[in-house]
Amino acid sequence: MLKVGLTGGIGAGKSEVSRLLARYGAVVIDADRIAREVVEPGTSGLTAVVEAFGPGILTQDGSLNRPALGSIVFSDPARLATLNNIVHPLVGARSAELERAAAAGAVVVHDVPLLTENGLAPLYDLVVVVDAKPATQLDRLVRLRGMTESDARARMDAQATREQRLAVADLVIDNDGPLEDLESQVRTVWSDLAARAAAS
């Protein structure tokens, strides 16, 4: 089994890379998706988040109001740390469970947005960083996701810098260009990962 950490700043295109790697045969463990699962209604995770942030972060149906919570934590590093201390251990436990279920020769890709910020690079055999210029990230967040520029900048500022991410990278996928360029790079990276998995 080859354990790969996949990361990239918000708006860099990591999710698209993750989707392509899954198509080629990688076992993708998506930390964001798991982070949503561990705070679904009825979970101990949601109970802990409500205890920390109050019932105002719930919707009328009792589920987590992500925009309301985001507006609290992304402008306050201490509150963000509180949220991370609740959610990250739950995500880690579920990720480990999914990894154990993968086949022996699999390429297991952990899609982890905050890999750099949380010092997780040593957990993986290698780290793949999806890279884009900050101006490209900002443009995508505003134009494609409908964020205000100030919200987009706050989210970017809450993450590691581009330089910090590149410092932990074993392989870099440049996603400043068109989708066709991205697909050919991901194919090349997949060939490399599959060869490493076969050799390990």
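Buried means under 20% relative accessible area, exposed means over 50%, and partly exposed is in between, with a 1.4 Å probe and protein chains only. Keep that in mind for Glu-37, which is partly exposed at a relative accessible area of 28%.

Now, the ground rules. This is a predicted model, so local features need pLDDT of at least 70 and side-chain atom pairs count only at pLDDT 80 or more, while totals for chains, interfaces and linings use all residues. Residues are numbered from 1 along each chain as its sequence is written, and side-chain values use heavy atoms, with hydrogens and water left out.

Let's start inside. A nonpolar core is a set of buried Ala, Val, Leu, Ile, Met, Phe, Trp, Tyr and Cys residues, joined through side-chain atoms within 4.5 Å. In soluble globular proteins, nonpolar side chains tend to be buried together. Here the largest nonpolar core has 27 residues. Val-49, Leu-69 and Val-87 have the most contacts inside it.

Which elements each supply at least two residues of this core? Helices H2 (31–37), H3 (44–53), H4 (66–73) and H5 (77–100) do, and so does strand E4 (126–131). Helices here are DSSP runs of H or I with at least four residues, strands are E runs of at least two, and numbering goes from the N terminus. H5 gives the most to this core, with 5 residues.

Look at Leu-69. Contact means heavy atoms within 4.5 Å. Not counting residues up to four places away in sequence, Leu-69 touches Val-49, Phe-53, Ile-57, Leu-64 and Leu-83. Apart from the largest core lies another, of 22 residues. Leu-20, Leu-126, Val-189 and Trp-190 are among them.

Next, charges. Side chains of opposite charge can pair when their charged atoms come close. A salt bridge is a side-chain nitrogen of Lys or Arg within 4 Å of a carboxyl oxygen of Asp or Glu. How many salt bridges does this rule give? The count comes to 10.

Here are three of them, beginning with Glu-37 and Arg-33. Their closest N and O atoms are 3.2 Å apart. Both residues lie in helix H2, 4 residues apart, about one turn of the helix. Arg-33 is partly exposed, at 37% relative accessibility.

Arg-94 and Glu-97 also meet in a salt bridge, at 2.7 Å from N to O. They sit 3 residues apart in helix H5, so about one helical turn separates them. Arg-94 is partly exposed at 29%, and Glu-97 is partly exposed at 42%.

The third pair is Asp-192 and Arg-196, at 2.8 Å from N to O. These two are 4 residues apart in helix H9 (residues 179–199), so again about one helical turn separates them. Asp-192 is partly exposed at 24%, and Arg-196 is partly exposed at 39%.

Now a helix pair. Pro-134, Gln-137, Leu-138, Leu-141 and Val-142 of H6 make the contact with Glu-149, Ala-152, Arg-153 and Met-156 of H7.

Last stop, a loop. Where is Leu-114? Leu-114 lies in the loop between strand E3 (107–111) and E4. Leu-114 is partly exposed, with a relative accessible area of 23%. Leaving aside neighbours within four places in sequence, Leu-114 is in contact with Thr-7, Asn-84, His-88 and Gln-159. Leu-114 and Ala-31 are 83 residues apart in sequence, yet 9.2 Å apart in space, C-alpha to C-alpha.
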